[in-house]
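The following exercises are to be worked with the sequence and the three-dimensional model at hand. Each task is followed by a solution in steps.

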Amino acid sequence: MKLKSLTYILSASLSFSLFSCGGGSHESDELSTNDSTKVDSLALNTEADANSIIYQVPSPSEMLTFVKMVGGKNNKNASFLNPSDNAKNYNDAKSKAINFGIYGCDLSYCSTFEMGVEALKYFKVVKQLGDEIGVSTTIDANVAKRLEKNVGNSDSLASITDDLYYNSFEDLQKGKQGSTLALMVAGGYIESLYIVTNLNKFDAKNPATQRIADQKYTLDNIIEFMKNFESDASVAEVLKDLNSLKTDYDALKETSVATDAPAKGIKVLDGGTNVEITDVQYKAISEKVKSIRNSYTTVK
Amino acid sequence: MKKVVAIFVFAIILNYSNNSFSQSSICANFHKEHCVNEPAKGDKREFLYNSQSRSGLFSQGSISKLRCVIYKGMDYRLSLCCETAGTQVNFKIIDAKTKEELFDNAKNENAQQFEFQSNSTRNLLIEVSVPSGDATEAKGKPMDGACVGLLIEHKISERSGFSKY
């Protein structure tokens, strides 16, 4: 096996702390001794190793792409996005980081739904806020040129904005800006819920409605991830908002899933539960999301 | 003096192995660059990159767990790859809520790629490990650290019958 130099390992060891791409490492209450027992028998790791979990969070664009693919490709409406003019009024670190996530999601929406001109407009504010929060190396002039060149190509636009999101993520990690990263992730998540609940009215049979219900799981992971940085007052405030939303999600009924007939040619993981959402609950979650989101975007 | 250095190095290695996937920056894009497989001839399926993919620096004996959201109605493809060819990398898929083990590649011919659907949307734990003392150690080259990538891809499952959506 390839032998890494001692210097390499030393730098790896000393440079990186316990937070990660898409989520942080955090001891979950629900994952306790059973896991550690199982893992300890497998390798020479400490108990801390066994219990340490990285919480991953799907990017906002994945939900937007899904909504487009299940029938919403004509849902082009930039009127409810955060006006780009607001960017100049975000002067504190918290609002800059959250709105970087919000504008990043708006940019992703415009790209995914083929609104090239709006995408360019949102790219400018993402770049502006990115420069201010320390991810300027990710958002260079070449990205702008690529965007301009691909205004009419939604697949390319979406790919470019996805890269922008992932690279911003990496930049914030490398810079050990965990709190900023947490706020950006929360902003992007709330904005994606806001956009989809604006595009999609309740319809129990619509996969987009179910996808909103299923956000319960992503919310759980974001909250666990953010707990790593809750000593930061801004993160603690946003955590309070997300926990309030979690109260609504926790009220959704979960029913055991029956075993399906095996799918052709692919392994099916059985079990789990189905999260059910009613019209009333959907509206309540939409309203809560709107209220939280507007509290972040409104210029005070 | 040698003992002091050895203890220091050991402590540091323990520190970095606390969760191998958390050592993201050193191996940051390893999964994007090395875990992508060319589709088999005639395979026209288009899987999309899933942002819950991850790379990390692993030593022998390292175990790392990722908690990921998996949606019903989607096909997923997990691909594992290691910087050092031939290294055995194990992974298990566990239901995060019930702790039920759903898949173990060690019981499936050490498959480094796995395609699946889930009957329900849920959080899964993906536990990745590099066993202690694998064959390479016998060759006198113990692994101090190598990048391991976990690439997750997804696509909407094929549906049978007519559907409005």
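## Exercise 1. Strand pairing in chain B

In S6(B), Asp104(B) is the residue that Lys92(B) stands opposite. The model is a predicted one.

Task: Determine in which sense, and over how many bridges, strand S5 (residues 90-95) of chain B pairs with S6(B). Then place both strands in their sheet.

Solution.
- Step 1. The pairing of S5(B) with S6(B) is antiparallel and comprises three bridges.
- Step 2. The two strands belong to an open sheet of five strands with mixed pairing, ordered S3(A)-S3(B)-S8(B)-S5(B)-S6(B).
- Step 3. The edges of this sheet are strand S3 (53-55) of chain A and strand S6 (101-104) of chain B, each of which pairs on one side only.
- Step 4. From one strand to the next, the twist averages 25 degrees.

## Exercise 2. The partners of S7(B)

Task: Identify which strand of chain A is joined to strand S7 (residues 113-118) of chain B, and state whether the two run parallel or antiparallel. Add the partner of S7(B) that lies in chain B.

Solution.
- Step 1. Strand S5 (residues 267-269) of chain A is joined to S7(B) by three bridges, and the two strands run parallel.
- Step 2. At the level of residues, Lys267(A) has Phe116(B) as its bridge partner in S7(B).
- Step 3. Within chain B, strand S4 (residues 74-82) pairs with S7(B) over five bridges in the antiparallel sense.
- Step 4. Glu115(B) of S7(B) is the residue that Arg77(B) stands opposite.

## Exercise 3. Packing of two helices in chain A

Task: Describe how H9(A) and helix H11 (residues 233-250) of chain A are arranged relative to each other.

Solution.
- Step 1. Two packed helices are described by the angle between their axes and the distance between the axes.
- Step 2. The axes of H9(A) and H11(A) come within 10 Å and cross at roughly 25 degrees.
- Step 3. Angles under 35 degrees count as roughly parallel, and H9(A) and H11(A) are therefore roughly parallel to each other.
- Step 4. The crossing in which H9(A) passes H11(A) is left-handed.
- Step 5. H9(A) contributes Ser179(A), Ala182(A), Leu183(A) and Ala186(A) to the contact, while H11(A) contributes Ser234(A), Val235(A), Val238(A) and Leu242(A).

## Exercise 4. The largest nonpolar core

Task: State which residues touch the most other members of the largest nonpolar core, and examine the surroundings of Ala182(A).

Solution.
- Step 1. In soluble globular proteins, nonpolar side chains tend to be buried together.
- Step 2. The largest nonpolar core has 105 residues, and those touching the most other members are Val126(A), Ala182(A), Ala186(A), Ile126(B) and Val148(B).
- Step 3. Helix H9 (residues 178-199) of chain A supplies the largest share of this core, 12 residues.
- Step 4. Apart from neighbours within four places in sequence, Ala182(A) is in contact with Phe225(A), Met226(A), Phe229(A) and Val235(A).

## Exercise 5. Positive phi and exposure

Task: For Glu114(A) and Asn110(B), give the loop in which each lies, and decide whether each is exposed or partly exposed.

Solution.
- Step 1. Glu114(A) is not a glycine, yet its phi is positive, about 60 degrees. Glu114(A) lies in the loop between helix H5 (93-112) and helix H6 (116-133) of chain A.
- Step 2. A residue is exposed if 12 or fewer other C-beta atoms lie within 10 Å of its own, buried if there are 20 or more, and partly exposed in between. Glu114(A) has 19 other C-beta atoms within 10 Å, so Glu114(A) is partly exposed.
- Step 3. Asn110(B), also not a glycine, has a positive phi of about 50 degrees and is placed in the loop between S6 and S7 of chain B.
- Step 4. Asn110(B) is exposed because 12 other C-beta atoms lie within 10 Å.

## Exercise 6. A residue of helix H12

Task: Classify Ile292(A) as buried, exposed or partly exposed, and list its contacts.

Solution.
- Step 1. Ile292(A) is located in helix H12 (residues 279-297) of chain A.
- Step 2. Ile292(A) counts as partly exposed because it has 18 C-beta neighbours inside 10 Å.
- Step 3. Beyond its neighbours within four places in sequence, Ile292(A) is in contact with Ile190(A), Asp241(A) and Leu245(A).

Conventions. Residues are numbered from 1 along each chain as its sequence is written. Chains are lettered from A and ligands numbered from 1 in the order in which they are written. This is a predicted model: local features need pLDDT of at least 70, side-chain atom pairs count only at pLDDT 80 or more; totals for chains, interfaces and linings use all residues. A nonpolar core is a set of buried Ala, Val, Leu, Ile, Met, Phe, Trp, Tyr and Cys residues joined through C-beta atoms within 7 Å. Helices (H or I, at least four residues) and strands (E, at least two) are DSSP runs, numbered from the N terminus. Two residues are in contact if their C-beta atoms, placed from the backbone, lie within 7 Å. Two strands pair if DSSP finds at least two bridges between them. Axes are lines fitted to C-alpha atoms, for helices over the stretch in contact, and angles run from 0 to 180 degrees between N-to-C directions. Angles under 35 degrees count as roughly parallel, over 145 as roughly antiparallel, 65 to 115 as roughly perpendicular and the rest as oblique. A crossing is left-handed if the near helix is turned anticlockwise from the far one by less than a right angle, and right-handed if clockwise.
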